[in-house]
Amino acid sequence: MLTATLRTAFAHKGRLVLSTLAVVLGVAFVTGTLMLTNALDRTFVDIIEGSAQDVQVTREPAVGQEITTDPGDSAPLLLSDDAVATVQGVPGVSAAAGGIAREGVYLIDSSGEVAGAVGPPAIGLNWESDPELNTNTLTAGRAPERKNEVAVDDVTFGKLGIAIGEPISVVTPSGTVDAELVGTFKFGETGGLAGATLAAFEPKQAQQLLAEPGYWTAIDVAVADGYTDEQVAASISEALGDGDLLVRTRAEQVEQQSDELRDGLAFFNYIMVGFAAIALFVAAFLIYNTFSILIAQRGQELALLRAIGATRVQVLRSVLVEALIVAVVSVILGVGLGYLLALGLAALFDSFGLSLTAGIGITASAVLWAALVGIVVTLLAAIVPAYRAGRIKPVAAMREIGASDERIGKVRTAVGVVFLLATAALMATGLASDDGGSRALLVALGTLLLLISVVILAPLLSVIVVSVIGPLFSLLGRTTGRLSVRNALRSPKRMATTASALTIGLGLVVAVTVITSSAKASLGELVDQSFGAEFVVGTTAQQPFSTEVADEIRNVDGVEYVISESGGPVSIDGEETGITAVGGGPLDEVYSVEDVSGDFGQLESGQAVVNTEYAKEQGWDLGSEVRILFPSGDERSFEIVGIYASNGLIDGLVIPLDDYREVGGASQDRSLYVTLTPQADTQQVLADIEAVADTNPLLQVLDQTELKEQTESQLNQLLYLVYAMLALSVVIAAMGVVNTLALSVIERTREIGLLRAVGATRRQIRAMIRAEAILMAVLGAILGIAVGVGAGLALQRAMADAGIEVLDIPIATLIVILVLAIIIGVVAAAVPARRAAKLDILKAIATE
Amino acid sequence: MTEPASRARQLTKTYGSGDTQVVALDSVDVDINTGEFTAVMGPSGSGKSTLMHCLAGLDSITKGEVYLGDTALAGLNDTALTKLRRERVGFVFQAFNLIPTLTARENITLPQDIAGHKVDVDWLNQVIAILDLESRLSHKPTELSGGQQQRVAVARAMAARPTVIFADEPTGNLDSRSGAELLGFLRRSVDENGQTIVMVTHDPAAASYADRILFLADGRIVDEMREPTPDKVLNRMVAFERLPQQGE
Ligand SMILES: Nc1ncnc2c1ncn2[C@@H]1O[C@H](COP(=O)(O)OP(=O)(O)OP(=O)(O)O)[C@@H](O)[C@H]1O
Ligand SMILES: [Mg+2]
């Protein structure tokens with residue numbers, strides 16, 4: 001029996017090619033992602049280990065997470081020279097010194113641009129002269145010794161185009177420094193920085209630019225021989241006697257930072273694996289179809305096997321073994337392709353400046369996952385056809401198998417309807433929910449359920465849709481069109497499976513498109529109606545910049561207010577939450593809000609405004625006192641002076657920026673809103689503001705239209721990324737169309753021969769196959785659009801509070817998707833149609 | 001006499017080459033007379049089907065000439081041959097004559113539909129009436145008996161008023177009653193409408209419906225008989241000392 005199976009699999013290998021390819025692509029996506037994240041993980045862990053100290057002391061924030069390098073929003077949490085002296089006196093400490101590391105220090109290259117990638121941090125630090133404590137090694141030139149000298153890491157140096165001894169501009173939180181490049185150094189063990197840039201100053205200047213004179217962001221400690229890190233850490237804690245300080249050993253630093261990193265990578269992994277899962281799910285349809293068709297074609301052969309004594313289980317097993325062969329081949333090829341994919345992505349990352357120094361490797365876990373996923377998906381997809389094969393009765397061997405007009409099971413329809421009702425119930429519950437988070441979650445789950453319902457109901461829906469759009473196909477030629485439609489309808493399940501594979505990918509594409517264009521429309525409307533600033537000054541990737549910029553713009557003639565917005569984590573009544581801090585002018589200058597009670601204008605020190613919902617939730621009213629605990633450990637009271645209805649521009653508790661700064665918040669700005677005096681000359685003001693912004697190459701000045709364009713293009717980038725991810729499943733689904741057609745051409749050899757004999761030209765045969773392909777693809781697209789628009793609509797409703805208030809269904813995109821489906825159909829039909837047209841008439845009609 | 005509906009001159013057809021070469025037809029000269037019912041008989045493998053395929057433009061020829069009416073088939077490309085088939089040739093095969101997704105009526109008008117030609121409704125109704133298919137027109141092939149299916153195939157062949165209808169063992173899969181019925185219809189269409197028919201058969205009784213029988217052996221026409229009766233045919237076959245093996 002096994003030899004028979006192997007022989008059959010081998011004889012039909014051509015028919016299994018596309019199924020294998022589909023699984024290969026899915027597996028490659030999974031393994032490629034895993035190998036890439038593994039390389040990312042190792043690269044970052046190398047960085048973490050390379051910069052770890054035997055023991056390190058940092059200040060723990062009162063609210064929110066401890067962060068290694070401060071992102072530049074809040075003022076750094078500092079440790080004094082006294083603390084350093086205390087640590088130096090602890091027994092077992094061989095060396096201790098204050099250290100500084102802070103984000104937002106940008107090196108300007110020879111062309112005036114910021115060196116390094118957008119995304120990875122740009123870090124400023126102090127050059128530590130004690131080699132025992134310095135994790136960096138000088139590689140060229142010398143260390144920075146005096147004011148306005150800077151050394152950079154050698155990876156960044158390679159991109160600067162500035163030689164040692166030449167001047168270099170460094171943008172810091174305290175303004176731009178014109179420095180001299182005096183040397184380069186290697187970071188940690190490997191020198192890898194994954195795109196981050198390092199700029200080192202002598203300690204005094206580092207303090208002045210990045211902290212405060214006499215203060216540090218950390219104390220680095222080297223442990224003397226004969227002591228363990230743990231012992232020394234314990235002694236230091238005791239000596240410092242300050243519960244707000246964190247004292248961590250090397251192992252603890254590495255562990256904590258790797259954990260943070262892995263959380264981030266895991267998120268990336270989930271997203272990628274999610275897309276891979278969609279692709280594999282689609283591939284499963286293809287496999288299911290292939291085996292169903294193969295078994296239909298081999299019905300007589302299998303029945304014969306049963307007639308001569310093969311048991312039901314043997315037949316079932318033979319099909320599963322065939323599937324297993326497909327799976328194993330796919331996994332092997334998939335791992336290879338995944339490796340290439342990971343290499344390609346690593347090269348792409350490299351070209352963005354994020355070099356993966358750890359390199360891509362074929363890891364055991366990637367191979368195991370590939371094997372698991374590939375084999376499980378293939379076998380699961382083949383199990384139903386295999387079961388059906390087992391049920392073929394021996395007498396079927398004696399019967400002529402005609403074109404079976406299969407019926408759509410009542411049970412299937414019933415199950416589908418139940419699913420659809422469940423979907424509706426879930427969506428309704430979701431939309432009715434008060435909580436924004438659970439609303440979005442329920443509706444997202446509803447979307448998945450909707451997809452599944454449509455897949456279950458697909459045969460029925462296919463028949464309905466094809467009956468409606470079928471007549472259009474007679475435009476292609478009456479008979480050709482009619483034959484295509486009939487052929488498609490001949491096996492609604494097969495057509496439905498093929499089409500619904502496409503429905504999944506396209507449905508998600510449409511849903512994401514609807515949500516994105518609704519977001520764009522909402523944003524545009526919000527900016528038009530509620531945003532009062534003439535210009536916005538900021539950076540593309542929301543990098544922080546010096547507050548000096550705001551001060552200088554304020555001095556520009558014709559500028560009325562420069563309003564700055566910031567925010568961060570705080571704690572209110574023991575509960576962690578986020579607040580917004582606004583300063584530089586009255587709130588209503590830039591934000592127009594509705595339903596205001598009390599004031600919504602200039603916030604004085606100690607005053608706050610809050611949105612209606614949050615106020616209700618907390619039981620606050622006008623005049624209520626709110627106590628807020630800030631990350632620095634300061635606690636302050638604010639009086640509610642206004643209650644407003646939130647919109648996409650402003651939400652939650654808003655306090656004055658000056659107060660926030662006093663407690664260590666918003667040491668830098670991320671974006672500035674500029675309003676003008678009525679008599680200002682807009683063009684002149686713009687030119688003057690641009691002159692100010694020119695001091696920092698990251699800064700750009702946008703008017704309202706440009707602001708909208710920029711956010712739109714950012715949303716578009718996100719959208720294109722999602723498109724790219726979903727493209728794989730659409731490609732696999734298109735392969736499914738090819739697969740179904742190719743197999744049914746084989747199945748219909750005699751029929752096609754007969755058509756040719758009675759006078760159908762090759763061109764007509766090609767047209768017929770092509771029309772079938774287009775029909776299936778368009779069917780998939782129509783169902784996809786229906787699902788996508790439905791889901792997109794529900795998601796938009798669910799996120800109306802979160803700023804997506806306007807529903808925008810992008811008709812143009814939907815038309816593009818339909819056209820795309822037609823193109824997919826035409827392309828998918830190319831090979832099967834050519835084959836069908838080339839069939840030798842006599843061979844085709846010769847009785848087998 | 002009018003010109004032959006179909007004729008072959010020195011028609012040779014070989015398959016393969018070298019050691020494995022098979023000569024299926026060996027310098028055959030034949031005229032298929034217009035308005036006549038011609039039967040082709042001969043042992044299995046004698047080249048009957050091959051002759052029909054060559055005459056009908058379904059298969060290429062190795063040597064010689066083939067004409068349909070006065071059109072030489074040798075020079076025609078695939079599209080021209082296809083056009084010729086759908087306009088001037090009708091086919092009835094032994095089995096699998098119909099497209100399963102189309103109804104009987106759609107199957108009958110298939111060649112005209114493919115060609116985009118208008119169907120001659122009067123003629124169509126006449127054909128349908130002759131073949132007694134009125135009540136079966138909206139059925140799919142799977143809902144028809146074998147005999148009905150073959151009648152639909154004959155109707156399709158006749159609907160285009162082809163120069164020649166070629167039928168390869170059209171009764172091969174039918175019981176004797178349905179077979180006789182079908183042959184009766186073929187005979188009537190020759191007598192009443194002057195249709196030219198060429199039919200391959202193994203059955204002396206079936207052959208006796210024809211006006212003329214061509215006997216084929218080893219790719220040559222070895223004999224011919226006019227006004228056959230089953231007995232005469234049987235005797236002739238015995239005379240060849242080679243009873244044909246029945247069936248496929
Ligand atoms: N495609 C082919 N390739 C090779 N040889 C062929 C091919 N088709 C037919 N032949 C050979 O040509 C010869 C004539 O075949 P043909 O089918 O015409 O016989 P036939 O008289 O119709 O037989 P039957 O009564 O069994 O249908 C046979 O020897 C056959 O083996
Ligand atoms: Mg034959």
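**View 1. Leu214(B) and its partner in a predicted model.** In β10(B), the residue that bridges to Leu214(B) is Glu224(B). As this is a predicted model, read every close-up here as a prediction. The two strands concerned are β9(B) and β10 (residues 220-226) of chain B, which pair in the antiparallel sense over six bridges. They make a hairpin with two residues between them. One to look for in the turn is Asp218(B), with its positive phi of about 50°.

**View 2. Both faces of β9(B) are covered.** Strand β9 takes in residues 212-217 of chain B, and six of its six residues are buried. Follow the side chains along the strand: Arg212(B), Leu214(B) and Leu216(B) point one way, while Ile213(B), Phe215(B) and Ala217(B) point the other way. β9(B) also pairs with β3 (residues 37-41) of chain B, this time in the parallel sense and over four bridges. To find your place in that pairing, look for Met41(B), which sits opposite Phe215(B) in β9(B).

**View 3. β1(B) has partners in β2(B) and β4(B).** Start with strand β1 (residues 6-15) of chain B, which runs antiparallel to strand β2 (residues 22-32) of chain B, with seven bridges joining them. Ser6(B) faces Ile32(B) across this pairing. Between the two strands lie six residues, completing a hairpin, and Gly16(B) in the turn has a positive phi of about 70°. Strand β4 (residues 63-68) of chain B pairs with β1(B) too, in the antiparallel sense over five bridges. Here, Arg9(B) is the residue opposite Glu65(B) in β4(B).

**View 4. Helix α2(B), from its start to its buried residues.** Just where α2(B) begins, Asn77(B) puts a side-chain oxygen within 3.3 Å of the backbone nitrogen of Thr79(B). The helix itself covers residues 78-88 of chain B. Its buried residues are Leu81(B), Thr82(B), Leu84(B), Arg85(B) and Arg86(B). A reminder for reading the view: an α-helix has 3.6 residues a turn, so residues three or four places apart point the same way.

**View 5. Where chain B meets chain A.** On this interface, 26 residues of chain B are in contact with 23 residues of chain A. The two chains bury about 2,400 Å² between them, and carbon and sulfur atoms give 63% of that area. In chain B, the residues that lose the most area to chain A are Phe96(B), Thr101(B) and Ile114(B), together 24% of what that side buries.

**View 6. Salt bridges and polar contacts between the chains.** Three salt bridges are counted between chain B and chain A. One place to zoom in is Arg762(A), whose side chain meets that of Asp78(B) in a salt bridge at 3.7 Å, N to O. Nine residue pairs are in polar contact between the chains. On the chain B side, α2 and α4 (110-115) are the elements that give two or more residues. The largest share, five residues, comes from α2(B). By type, this side of chain B divides into twelve nonpolar, seven polar and seven charged residues.

**View 7. Ser433(A), in a loop between two helices.** Over in chain A, look in the loop between α11 (410-432) and α12 (436-469) for Ser433(A). Is this serine, Ser433(A), buried or exposed? Ser433(A) counts as buried because its relative accessible area is 18%, and the cut-off for buried is under 20%. Setting aside neighbours within four places in sequence, Ser433(A) is in contact with Ser438(A) and Arg439(A).

Definitions and conventions. Residues are numbered from 1 along each chain as its sequence is written. Chains are lettered from A and ligands numbered from 1 in the order in which they are written. This is a predicted model: local features need pLDDT of at least 70, side-chain atom pairs count only at pLDDT 80 or more; totals for chains, interfaces and linings use all residues. Side-chain values use heavy atoms; hydrogens and water are left out. Two strands pair if DSSP finds at least two bridges between them. Buried means under 20% relative accessible area, exposed over 50%, partly exposed in between (1.4 Å probe, protein chains only). A polar contact is a pair of N or O atoms within 3.5 Å; within protein, one must be able to donate a hydrogen and the other to accept it, and residues adjacent in sequence count only if both atoms are side-chain atoms. Contact means heavy atoms within 4.5 Å. Buried area is the accessible area (1.4 Å probe) that two parts lose on being put together, summed over both. A salt bridge is a side-chain nitrogen of Lys or Arg within 4 Å of a carboxyl oxygen of Asp or Glu. Ala, Val, Leu, Ile, Met, Phe, Trp, Tyr, Cys and Pro count as nonpolar, Asp, Glu, Lys and Arg as charged, and the others, Gly among them, as polar.
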